[in-house]
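Open the model in your viewer and set it to cartoon. This tour tells you what to select at each stop.

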Amino acid sequence: GGDNNEGGYVYYSEEMNRNTLDLLRIETGLLHAFEYNELLLYYQPKVDMNTLAITGAEALVRWQHPERGLLLPGEFIPIAEETGLIVQLSDWVLDAVCRQARAWKEAGMAPIRIALNVTAREFTRSLPDRVRAALSRHMLSGDWLELEITESMLMHSTDRVISIMEKICSLGITISLDDFGTGYSSLSYLKRFPINTLKIDRSFTMGIPDDTNDCAIASAIIGIAKQLRHKVIAEGVETEKQFNFLREAGCNELQGYIFSRPIPAVDFHAMLLEGRKL
Ligand code: C2E
Ligand code: CA
Ligand code: CA
Ligand code: CA
């Protein structure tokens, strides 16, 4: 291609303007969202593969946009990261999860781990103190929380990362490695970190059972988890075939549409009470 430079120029400049405008619009919109309480959390159950009991949930942020309806994180998290608003967003999520957990505790719910997604940018020396402060503000013990971090965080300044993780663990909070297998962690590295769970990324689950590579990778991750005595959970389980394959391969837990989509807090609570089965 490239035979029409003028057309190409117009195309790219329109694209750029549109993206810049989108970015600005979403940035100002996000500031508005904090002020007017437009952010909310959905909860997706994590389920034991053998008993089908709900073992926890992942908190996933949503934005109830005044004009555009319910927005998924893919539409605003990247912009929050680019603009630095992710710091404010993460603080909001941490506080909102603890507030919800406190309400559930008051309603008589036994402690259940609610997992938060933590970005590389937040994974700093101040994180353990921020989490401790949030727990004490809402009078909660650490067994209500789990942090999901990605592999890429294990790659730099190992000692610093281990010390942050150890402080988090000393609060009774567990850590799971999100999107496992999509990054570049060397396996010998893994055993040095105080991690509880490996989370098989949806991109691998999706290929089960037809893609032999995805099946092999999922089985290998389960094998690594067993060797290191970590728990292993598969994300994005949608079909019975995926479920059966993973269960037979020794996967401990699942998260996926086969059991439930992410749902509002009240629905999650109702689901826990009725002990919903697959
Ligand atoms: P993630 O951490 O990998 O979260 C799992 C995503 O997979 C969620 O998308 C969930 O709705 C989706 N999912 C789960 N099971 C299935 C399934 O069976 N089929 C399909 N098609 N999808 C499934 P969601 O809620 O759109 O979140 C996307 C990403 O946004 C998350 O990926 C996470 O990286 C980020 N995110 C969400 N909430 C937060 C947050 O509070 N803070 C930060 N920093 N990131 C967040
Ligand atoms: Ca996650
Ligand atoms: Ca994922
Ligand atoms: Ca992720």
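**Stop 1: a hairpin**

Start at the hairpin of β1 and β2, where five residues lie between the strands. Select Leu52, which takes a positive phi near 65°. Keep in mind that this is a predicted model.

Now colour β1, residues 39–48. Nine bridges join β1 to β2, and the two run antiparallel. Pick out Tyr43, then look across to Ala59 in β2, which stands opposite.

**Stop 2: along β2**

Select β2, residues 54–65. Is this strand enclosed or open? Ten of its twelve residues are buried, so β2 is largely enclosed by the rest of the structure.

Next, add β4, residues 113–117. β4 runs parallel to β2, with three bridges between them. Show Glu58 and Ala115: they stand opposite each other.

Then add β3, residues 69–71. Three bridges join β3 to β2, and here the strands run antiparallel. Three residues separate the two strands in their hairpin. Trp63 stands opposite Leu71 in β3.

**Stop 3: a calcium ion**

Select the calcium ion (ligand 2). Which protein residues are its donors? Show Glu58 (OE), Asn117 (OD1), Glu148 (OE) and Asp178 (OD), lying 2.2 to 2.3 Å from the ion. Two of these donors, Asn117 in β4 and Asp178 in β6 (residues 174–180), link distant parts of the chain, 61 residues apart. Asn117 is partly exposed, at 33% relative accessibility. Asp178 has a relative accessible area of 6%, under the 20% cut-off, so Asp178 counts as buried.

Now select the calcium ion (ligand 3) too. The distance between the calcium ion (ligand 2) and the calcium ion (ligand 3) is 5.7 Å.

**Stop 4: the largest pocket**

Switch on a surface. The largest pocket has a volume of about 1,100 Å³. Its lining counts 43 residues; Glu58, Leu60, Pro73, Asn117 and Asp178 lie nearest the centre. Elements giving two or more residues to this lining include β1, β2, α3 (86–106) and β6. By class, the lining holds 21 nonpolar, ten polar and twelve charged residues.

**Stop 5: the second largest pocket**

Move on to the second largest pocket, with about 170 Å³ of space. Select its lining residues, among them Asp22, Arg25, His32, Trp63 and His65. Which element supplies the largest share of this lining? Select α1, residues 5–35: five residues come from there. β2 supplies at least two. By class, this lining has three nonpolar, three polar and five charged residues.

Technical notes. Residues are numbered from 1 along each chain as its sequence is written. Chains are lettered from A and ligands numbered from 1 in the order in which they are written. This is a predicted model: local features need pLDDT of at least 70, side-chain atom pairs count only at pLDDT 80 or more; totals for chains, interfaces and linings use all residues. Side-chain values use heavy atoms; hydrogens and water are left out. Buried means under 20% relative accessible area, exposed over 50%, partly exposed in between (1.4 Å probe, protein chains only). Helices (H or I, at least four residues) and strands (E, at least two) are DSSP runs, numbered from the N terminus. Two strands pair if DSSP finds at least two bridges between them. Donors are N, O and S atoms within 2.8 Å of the metal (3.2 Å for Na, K and Ca); water is not among the atoms, so sites may look incomplete. On a 1 Å grid over the protein atoms alone, a cavity is a set of points where a 1.4 Å probe fits but cannot get out, and a pocket is an open set with protein on both sides within 12 Å along at least five of seven lines; lining residues have an atom within 4 Å of a point. Grid points are joined across faces, edges and corners, and a volume is the space filled by probe spheres set on the points. Ala, Val, Leu, Ile, Met, Phe, Trp, Tyr, Cys and Pro count as nonpolar, Asp, Glu, Lys and Arg as charged, and the others, Gly among them, as polar.
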